[in-house]
Amino acid sequence: MNSFFYLPWWFFKAKFLGIKRPLQTVLFVSDKCNLACKHCSVYRTTNPNIKSYEQIKEELEFSYKEGSRFVDFEGGEPTLWRDGDKDLNSLVRLAKETGFYSATITTNAFMPFGDSEADSIWVSLDGLGQYHDDIRGKGVFERLVKHIKEANHPRISVNMVINSRNYSSVEETIEFVKNNPDIRSISLNFHNPYPGTEHLLLDWKIRSEIIDLIIKKKKAGSPVMNSVSGLKLMKHLKFKKQCWVSNFILPDGHRLPECPGKIAGICDSCGLSMSGEMHSVFSLKPDTIFAGMKLRM
């Protein structure tokens, strides 16, 4: 109920008063991971950053004071996080105590997560079977499917990052989600070419064709989280980006008022569909506003 009142007030101040305050915080609890995905530029194989409970508490309080009301705990692999007797559920409870309306986790689902207290869970799925395993490791897809089924969580969705190795699996992945009773929806993004991963950037002509396919599947009733208006913008990226809507706190503690892609200089190749979604929200596109309300409320 609190978010029902907060969201329109936040939007009014941002749209008409020009007050730029974050709505969501992407908080990296660690860059420790149990996989070595081909597209990842975050995880560390040696001496990973692992934040303390007290550090994360201070970061949550900072973000809340900045205006953020939704938090996504990420890694590395966030389910590996521990600090003494504290685990990821401790952070979910801490976020609620701080005042956040919801806490989300993003996991690779390599390990069971059925005890998660998160309001929603995003599972990284990079295609079906061999496509997912090609990027994340042999046998990882099978474990992902098993752990999603066993989790019995009411708000599990998947996120697919489309690149030059897995774009052929987009349609079947959407169908898999549509026919899986344990998965609520799918969000589709494109690879961001951080240094060392440029070879995974999808050809722009193919990207446009894939977006048309996603729109077709959505209009046919598939549970695609992205809005049609937002997807169309991702074909050309010729729009003003409101990336300040999310603030980022990196594994090493660095605090960024917007997407790390800006510092990396890759905005012209942005694959984060949220950029298109936020521009569509501020352009008052009804389908995007509805999608956002469905996600946040």
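**Entry 1: helices H6 and H7**

I began with helix H6 (residues 170–178) and helix H7 (residues 204–219) in this predicted model. I found that they pack at an angle of about 25 degrees, and their axes are 10 Å apart. Angles under 35 degrees count as roughly parallel, so I wrote down H6 and H7 as roughly parallel to each other. I also noted the hand of the crossing, which is right-handed for H6 and H7.

Which residues make the contact? On the H6 side I listed Val170, Glu171, Ile174 and Glu175. On the H7 side I listed Ile210, Leu213, Ile214 and Lys217. Sorting the residues of this contact gave me five nonpolar, three charged and no polar.

**Entry 2: helices H2 and H3**

Next I turned to helix H2 (residues 53–66) and helix H3 (residues 88–98). Their axes come within 10 Å, and I read a crossing of roughly 35 degrees. The crossing of H2 and H3 is right-handed.

From H2, I noted Tyr53, Ile56, Lys57, Leu60, Glu61 and Tyr64 in the contact. They meet Ser90, Leu91, Leu94, Ala95 and Thr98 in H3. I sorted the residues of this contact too: seven nonpolar, two polar and two charged.

**Entry 3: a look at Tyr64**

I picked one residue to follow up, Tyr64, which is found in helix H2. Is Tyr64 buried, partly exposed or exposed? Its relative accessibility is 26%. Buried means under 20% and exposed means over 50%, so Tyr64 counts as partly exposed.

Then I looked up what Tyr64 touches, leaving out residues up to four places away in sequence. My list reads Arg69, Thr98, Gly99 and Phe100. Thr98 was already in my notes, as one of the H3 residues that H2 meets. I also checked Tyr64 against Met274, which lies 210 residues apart from it along the chain. The C-alpha atoms of Tyr64 and Met274 are separated by 21 Å.

**Entry 4: the sheet**

My last stop was an open sheet of eight strands with mixed pairing. I copied down the strand order as S6-S5-S4-S3-S2-S1-S7-S8. Which strands are at the edges? They are strand S6 (186–190) and strand S8 (255–256), and each pairs on one side only.

Inside that order I followed one pair, strand S1 (residues 24–28) with strand S2 (residues 70–74). How many bridges join S1 and S2? I found five, and the two strands pair in the parallel sense. As an example, I looked up Phe28, whose bridge partner in S2 is Glu74.

Definitions and conventions:
Residues are numbered from 1 along each chain as its sequence is written. This is a predicted model: local features need pLDDT of at least 70, side-chain atom pairs count only at pLDDT 80 or more; totals for chains, interfaces and linings use all residues. Side-chain values use heavy atoms; hydrogens and water are left out. Axes are lines fitted to C-alpha atoms, for helices over the stretch in contact, and angles run from 0 to 180 degrees between N-to-C directions. Helices (H or I, at least four residues) and strands (E, at least two) are DSSP runs, numbered from the N terminus. Angles under 35 degrees count as roughly parallel, over 145 as roughly antiparallel, 65 to 115 as roughly perpendicular and the rest as oblique. A crossing is left-handed if the near helix is turned anticlockwise from the far one by less than a right angle, and right-handed if clockwise. Contact means heavy atoms within 4.5 Å. Ala, Val, Leu, Ile, Met, Phe, Trp, Tyr, Cys and Pro count as nonpolar, Asp, Glu, Lys and Arg as charged, and the others, Gly among them, as polar. Buried means under 20% relative accessible area, exposed over 50%, partly exposed in between (1.4 Å probe, protein chains only). Two strands pair if DSSP finds at least two bridges between them.
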